[in-house]
Amino acid sequence: MAIGNSSNPMTSLIEVHMPDFAIIGSGAMGSAVANGATVLTYLEGRSEQTIARAKAAGMVPVGRQELTKAELILSIVPPAEAIKVAELVADISSGMQAPPPFIDLNAIAPKTMRALAARFEGSSVEVLDGAIIGGPPVPGKSGPTIYISGDIAERSRPLEDCGLRIRRLDGPLGAASALKMCYAGINKGFVGLGTAMLLAASRSGAAESLKAELSESLPDVDRKLSRSIPDMYPKAYRWVAEMQEIADFLGEEDPAATVFRGMADVFAGMASDVEGSRVLVGQLDEIIARPDIDR
């Protein structure tokens, strides 16, 4: 098969034979990472939008068993689906003498990662723990960084050969997931906090004053929220489980776990609003669109 779309900057990195990868998960990140290699994917039960996105990225739909013909199998799905994907891969790899390594790249807690790896006990599948930090690759911008732990044999090297930025961690299985939890807790937790406070300001009649104060005394925060909150709308449903994973990572004895269970509820409310009345979206957009006020 030809190498992807030549207009994509990642595809120009390699002009020779590319290894085959299998990616389970054809969302915005999975389909973007797919560009630049021959990528197999499994689309049974997926939405029309997901199928169209996968085809636009040049991914090759195959039956579930054909996924094992790839050099690596990657899982890039919402956190709530991570275990289910692992069970699928364990099932199709059962009995194979030399199955491809499986790399979980989902936003899950180390405890979930260990439970996921347990699905492969007794098999020959090498399970690696991964995390993606950064947005999908787009022209003119650097792509995400993929962190991988437990990769002593550097089985992830073919991903580097495709131009992806790979950083291996010395820690054990779960170290990459822990990094993702900490980073997402800061980055997405900040977006959730900003969302909650802007909506509170809107309800209480303080929106105009809050916007003016942010632009004056915290201009970097104002700019960050103005960019990140609208970008969050279509992703809110995925962030619900991610916040729950962060709470599990912190543990019941850490009071901050309660904060992230609350963040899960914030994003659940936003996800429902995005698919429904969009009242909350309208309130947030109104505040974000307010011009800066000079005092």
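This is a short tour of a predicted model, with something to select at each stop.

**Stop 1: a covered strand**

Start by selecting residues 20–24, which make up strand β1. Is β1 mostly covered or mostly open? It's mostly covered, with 4 of its 5 residues buried.

Now add residues 38–41, strand β2. β1 and β2 pair in the parallel sense, and 3 bridges link them. To see one of those partners, click on Asp 20 and look across to Thr 38 in β2.

Next, bring in strand β4, residues 72–75. β4 also runs parallel to β1, and 4 bridges join the two. Look for Ile 24 here: Ser 75 in β4 stands opposite.

**Stop 2: the second largest pocket**

Keep Ile 24 selected and add Tyr 42, Glu 44, Lys 84 and Leu 88. The second largest pocket has a volume of about 260 Å³. It's lined by 15 residues, and the five you've just picked are the closest to its centre.

Which helix gives the most to this lining? Helix α3, residues 82–93, does, with 4 residues. If you colour the lining by residue kind, you'll get 6 nonpolar, 3 polar and 6 charged.

**Stop 3: the largest nonpolar core**

Now hide the pocket and select Ile 229, Met 232, Tyr 233, Met 243, Met 270 and Leu 284. These have the most contacts inside the largest nonpolar core, which has 31 residues. Helices α6 (175–204), α7 (207–217), α8 (219–232), α9, α10 (256–275) and α11 (279–289) each supply at least two residues of this core. The largest share, 8 residues, comes from α10.

Apart from this core lies another one, of 25 residues. Among its members are Ile 24 and Leu 88, along with Ile 83 and Ala 90, so you can look back at two residues from your pocket selection.

Back in the largest core, zoom in on Tyr 233. What does Tyr 233 touch, leaving aside neighbours within four places in sequence? The list is Met 270, Val 274, Arg 278, Val 281, Leu 284 and Asp 285.

**Stop 4: the end of a helix**

For the last stop, select Leu 250 in helix α9, which covers residues 236–250. Why is Leu 250 called partly exposed? Because its relative accessible area is 27%, and that lies between the 20% and 50% cut-offs.

Beyond neighbours within four places in sequence, Leu 250 is in contact with Ala 256, Ala 257 and Phe 260. Finally, try the distance tool on Leu 250 and Ala 178: they're 72 residues apart in sequence and 9.8 Å apart in space, C-alpha to C-alpha.

Conventions: Residues are numbered from 1 along each chain as its sequence is written. This is a predicted model: local features need pLDDT of at least 70, side-chain atom pairs count only at pLDDT 80 or more; totals for chains, interfaces and linings use all residues. Side-chain values use heavy atoms; hydrogens and water are left out. Buried means under 20% relative accessible area, exposed over 50%, partly exposed in between (1.4 Å probe, protein chains only). Contact means heavy atoms within 4.5 Å. On a 1 Å grid over the protein atoms alone, a cavity is a set of points where a 1.4 Å probe fits but cannot get out, and a pocket is an open set with protein on both sides within 12 Å along at least five of seven lines; lining residues have an atom within 4 Å of a point. Grid points are joined across faces, edges and corners, and a volume is the space filled by probe spheres set on the points. Ala, Val, Leu, Ile, Met, Phe, Trp, Tyr, Cys and Pro count as nonpolar, Asp, Glu, Lys and Arg as charged, and the others, Gly among them, as polar. A nonpolar core is a set of buried Ala, Val, Leu, Ile, Met, Phe, Trp, Tyr and Cys residues joined through side-chain atoms within 4.5 Å. Two strands pair if DSSP finds at least two bridges between them.
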